[in-house]
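Subject: Structure handover and notes

Hi,

As promised, I am passing on the structure we talked about. Please have a look at it first, and then read my notes underneath.

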Amino acid sequence: MSPREKNLAIAAWITVCVVWGTTYLGIRVALESVPVSLVAGLRWTVAGLLLLAALPAFGQRVPPRALWGRIAVLAFLMTVMGNGLVVWAQQYVASGLAAVFVAANPFWNAGVEALLPRGERLTARTLIGLAVGFSGIVLLVWPELAVEGGGGRSFLLGVIALQLACLGWALGTSYTKRTAVSADPAGTSALQMLFGGLMFMALAAANGDFARLTFTARSATAMLYLTLVGSIVGYSSYVYALRYLPVSTVSLYAYVNPVIAVVLGTLLLAEPFSARIPMAAALVFSGIAVVRMRRSTFREGPISRLAWGAPKK
């Protein structure tokens, strides 16, 4: 790797950290006038089509039709569950807190792997890390659950949705480790985005969400940002960084995203901020660090590498 390639890779990683940290804010703003299913459906459908058109620039091709079924499974697990539930949850959970909860995804990776054949077994160190991280989540959730009325219950539903999103991403990660999908990661991700977007569009049609779709200047700008910057720029930077940097380094974006999301949510959306948030986040990240000390980087190829980390935003 030349110095120029290394510098570009570092710049790409920084781009991922910043861009995917800002998408939580973008989702929150888009939800002001766009139904949940269409925030995700429009974004991923358009992004998938644009990335398919750009495949020649990546030197990659559309995967053969024989693999489309497997890619559709990934689309459901990672795009519909992994991203869709994050979007839904942000109706009730502040964008910064949502990013902290999503950063707990390595816990789910460890748990899913432990339950699967030939998966990585849980160790005492992992269990300690899970306990530390879970204590941080409890610290975040408990005061909200004490709120009387529907606010606390809605917050709890949002937290559950975020954890189901992490579960979907963890299942998708394990699926890619055990299933040959394609040798062309950009082509696979393009179809994954498109298939996931079409699933959301079908859900929107069934719910009558198109009749409720309206755009304001704020929500239209947010949707444009999510599609072009969050999806296309963020993903392209992610692929480039993975090409030249260790997976363990690139995956650190999952720890930077919550910091950016909390700061933006506090400054631009007046989301609540207290000393409890950094304390809880410190516990979550400490638990993640302990869990990840025992995990080796994937060696199954480029598709497995793309599945590592937290749900793409």
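Below are my notes, going from the whole chain to helix pairs and then to single residues.

First, the ground rules. This is a predicted model, in which local features need pLDDT of at least 70 and side-chain atom pairs count only at pLDDT 80 or more, while totals for chains, interfaces and linings use all residues. Residues are numbered from 1 along each chain as its sequence is written, and side-chain values use heavy atoms, with hydrogens and water left out.

**The chain as a whole**

The mean pLDDT (the predictor's confidence in each residue, from 0 to 100) is 81 for the chain, and 83% of its residues reach 70 or more. Please keep an eye on residues 296-305, where the pLDDT is below 50; this stretch nevertheless has 21 contacts in the model beyond near neighbours in sequence. Contact here means heavy atoms within 4.5 Å.

The chain has 13 helices and zero strands. Both are DSSP runs numbered from the N terminus: H or I over at least four residues for helices, E over at least two for strands. Of the 313 residues in the chain, 53% are buried. The cut-offs are under 20% relative accessible area for buried and over 50% for exposed, with partly exposed in between, using a 1.4 Å probe and protein chains only. Among contacts between residues at least 6 apart in sequence, 89% join residues at least 24 apart.

**Three helix pairs**

Two packed helices are described by the angle between their axes and the distance between the axes. The axes are lines fitted to C-alpha atoms, for helices over the stretch in contact, and the angles run from 0 to 180 degrees between N-to-C directions.

Let me start with α2 (residues 36-58) and α3 (residues 68-89), whose axes come within 9 Å and cross at roughly 135°. The two helices are therefore oblique to each other. For the angle classes, under 35 degrees is roughly parallel, over 145 roughly antiparallel, 65 to 115 roughly perpendicular and the rest oblique. The crossing of α2 and α3 is right-handed; that word applies if the near helix is turned clockwise from the far one by less than a right angle, and left-handed if anticlockwise. On the α2 side the contact involves V36, V39, A40, R43 and W44, which meet T79, N83, G84, V87 and W88 in α3. By class, this contact of α2 with α3 has six nonpolar, three polar and one charged residues. Ala, Val, Leu, Ile, Met, Phe, Trp, Tyr, Cys and Pro count as nonpolar, Asp, Glu, Lys and Arg as charged, and the others, Gly among them, as polar.

Helix α3 also packs with α8: their axes come within 8 Å and cross at roughly 65°, and this crossing is right-handed too. Residues making the contact include W68, I71 and F76 of α3, and L191, F195 and F200 of α8. The contact of α3 with α8 divides into 12 nonpolar, five polar and no charged residues.

The third pair is α1 (residues 3-30) with α4, where the axes come within 9 Å and cross at roughly 130°. That makes α1 oblique to α4. Y24, L25 and R28 of α1 meet S95, A98, A99 and V102 of α4. By class, the contact of α1 with α4 has five nonpolar, one polar and one charged residues.

**Single residues**

Which residues does F200 touch, leaving aside its neighbours within four places in sequence? They are S37, A40, G41, W44, T79, V80 and G84. F200 lies in helix α8 (residues 185-207) and counts as buried at 6% relative accessibility. From F200 to T79 the C-alpha distance is 9.3 Å, with their positions 121 residues apart in sequence.

S37, in helix α2, is also buried, with a relative accessible area of 6%. Beyond four places in sequence, S37 is in contact with F200, L203, A204 and D209.

V100 sits in helix α4 (residues 95-102) and is buried, with a relative accessible area of 2%. V100 and P258 are 158 residues apart in sequence, yet 5.2 Å apart in space, C-alpha to C-alpha.

Finally, S237 is in helix α9 (residues 217-244) and counts as buried at 12% relative accessibility. Leaving aside neighbours within four places, S237 is in contact with A12, T15 and V16.

Best wishes
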